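Dear colleague,

I am passing on a structure that you have not worked with before, and I would be glad if you could look through it at your leisure. My notes on what was found in it follow below.

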Amino acid sequence: MNHQELRERIAPPRPEEGPFVISVWGGKGGITKSTLAFLLSYELGKIGPTLLINADAKQADGGVTEMTANLRVPATFELTESDDPAELHAVRRLKQFRYVITDNQPFRDREKLKAAAKADLVVVPMPPRRSDMKSVLRSIRDVLQPERAPYRIILSMIEHSAKGKAKTMKDTLNTLSMPVYDGWIRKYTAHEMLSGLPVTLSEEDNADKAAEDVYMFIDATLAHLGEPYKAVRKEVTA
């Protein structure tokens, strides 16, 4: 998709209601929060005007600011940095955007946690590591559920040979009445943006499979928000 096509296909902002707010959140580091926040912003930026807020700017490396700076293609979104609870509470005033995504710290400051939970959807990555699962579930129990936040868990960093384990995890979460995406994000190096390209543009090995995970994630997120749009898939040439 070239820049002219992007402009022609973009959805408008929401000047009356304010933007849809999506918070990527998990209560600990190293669970793919930044990767998923970046991918959400890049893909939703193809649909409507999008702002990505780096609320984890103290992260030493690998955060959304670094990912954006290393892009070899133009970003489809705007980027800013803030972890101020008052500013995070006020993002619905940014009516020039259709989507606002926040990439949140693994902080323990309850006011920041509560501010980050005030969203139309809180996306909670959960890798299959036991220690990560315990920390994420504790954060959900301690903050999201008391705040009645509309959250959804996305299983992430799933080894391509561990589909059975991922299905068991998903079934367990469903049994516990915890909302979870139907699919998951598999563990492929293409997600790490080593080439400076988002996985949906990458030519790395298994990039097409990894991109399908992302398109599933985007489509399910849009459906949850009640949006009539689908992810803008890259054209496949013969």
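**Two residues with positive phi**

I begin with R148, which sits in the loop between α6 (130-147) and β6 (151-158). Please keep in mind throughout that this is a predicted model. The phi angle of R148 is near 55 degrees, a positive value in a residue other than glycine, and R148 counts as exposed because its relative accessibility is 77%. A positive phi deserves a second look, since most residues other than glycine have a negative phi. M157 also has a phi near 55 degrees, again a positive value in a residue other than glycine, but the place of M157 is in strand β6.

**The chain as a whole**

The protein chain contains eight helices and seven strands, and its C-alpha atoms fill a box of roughly 45 × 45 × 35 Å when this is taken along the principal axes. A compact globule of 238 residues would have a radius of gyration near 18 Å, and the 17 Å found for the protein chain agrees with that. Of the 238 residues, 53% are buried. When contacts between residues at least 6 apart in sequence are considered, 77% of them join residues at least 24 apart.

As for the surface, the protein chain exposes about 11400 Å², of which carbon and sulfur atoms supply 49%. The side chains include 34 positive and 33 negative ones, and the centres of these two sets lie 7 Å apart.

**The nonpolar cores**

In soluble globular proteins, nonpolar side chains tend to be buried together. Here the largest nonpolar core has 37 residues, and the members that touch the most others are F38, L40, L44, I101, V123 and F217. At least two residues of this core are supplied by each of β1 (20-24), α2 (33-44), α3 (64-69), β4 (99-104), β5 (121-126), β7 (180-186) and α8 (207-225), and the largest share, eight residues, comes from α8. Apart from this core lies another one, of 33 residues, with W25, A119, V143 and L155 among them.

Which residues is V123 in contact with, leaving aside its neighbours within four places in sequence? They are I22, S23, V24, W25, L40, R152, I154, Y181 and F217.

**Buried residues in α2 and α8**

S41 is found in helix α2, and S41 counts as buried because its relative accessible area is 0%. If residues up to four places away in sequence are not counted, S41 touches T50, L52, T76, F77 and I101; the last of these, I101, is also one of the residues that touch the most other members of the largest core.

Two residues of helix α8 may be read in the same way. A210 lies in this helix and is buried, with a relative accessible area of 0%, while the C-alpha atoms of A210 and T189, which are 21 residues apart along the chain, are separated by 9.0 Å. D219 has its place in helix α8 and has a relative accessible area of 14%, so D219 is buried, the limit for that word being under 20%. Not counting residues up to four places away in sequence, D219 touches K230, A231 and R233.

With kind regards

Terms used: Residues are numbered from 1 along each chain as its sequence is written. This is a predicted model: local features need pLDDT of at least 70, side-chain atom pairs count only at pLDDT 80 or more; totals for chains, interfaces and linings use all residues. Side-chain values use heavy atoms; hydrogens and water are left out. A nonpolar core is a set of buried Ala, Val, Leu, Ile, Met, Phe, Trp, Tyr and Cys residues joined through side-chain atoms within 4.5 Å. Buried means under 20% relative accessible area, exposed over 50%, partly exposed in between (1.4 Å probe, protein chains only). Helices (H or I, at least four residues) and strands (E, at least two) are DSSP runs, numbered from the N terminus. Contact means heavy atoms within 4.5 Å. The radius of gyration is taken over C-alpha atoms; the globule rule is 2.2 Å times the number of residues to the power 0.38. Accessible areas come from the Shrake-Rupley method with a 1.4 Å probe; for residues, only the protein chains shown count as cover. Lys and Arg count as positive and Asp and Glu as negative; His and the chain ends are not counted. The place of a charge is taken as NZ of Lys, CZ of Arg, CG of Asp or CD of Glu.
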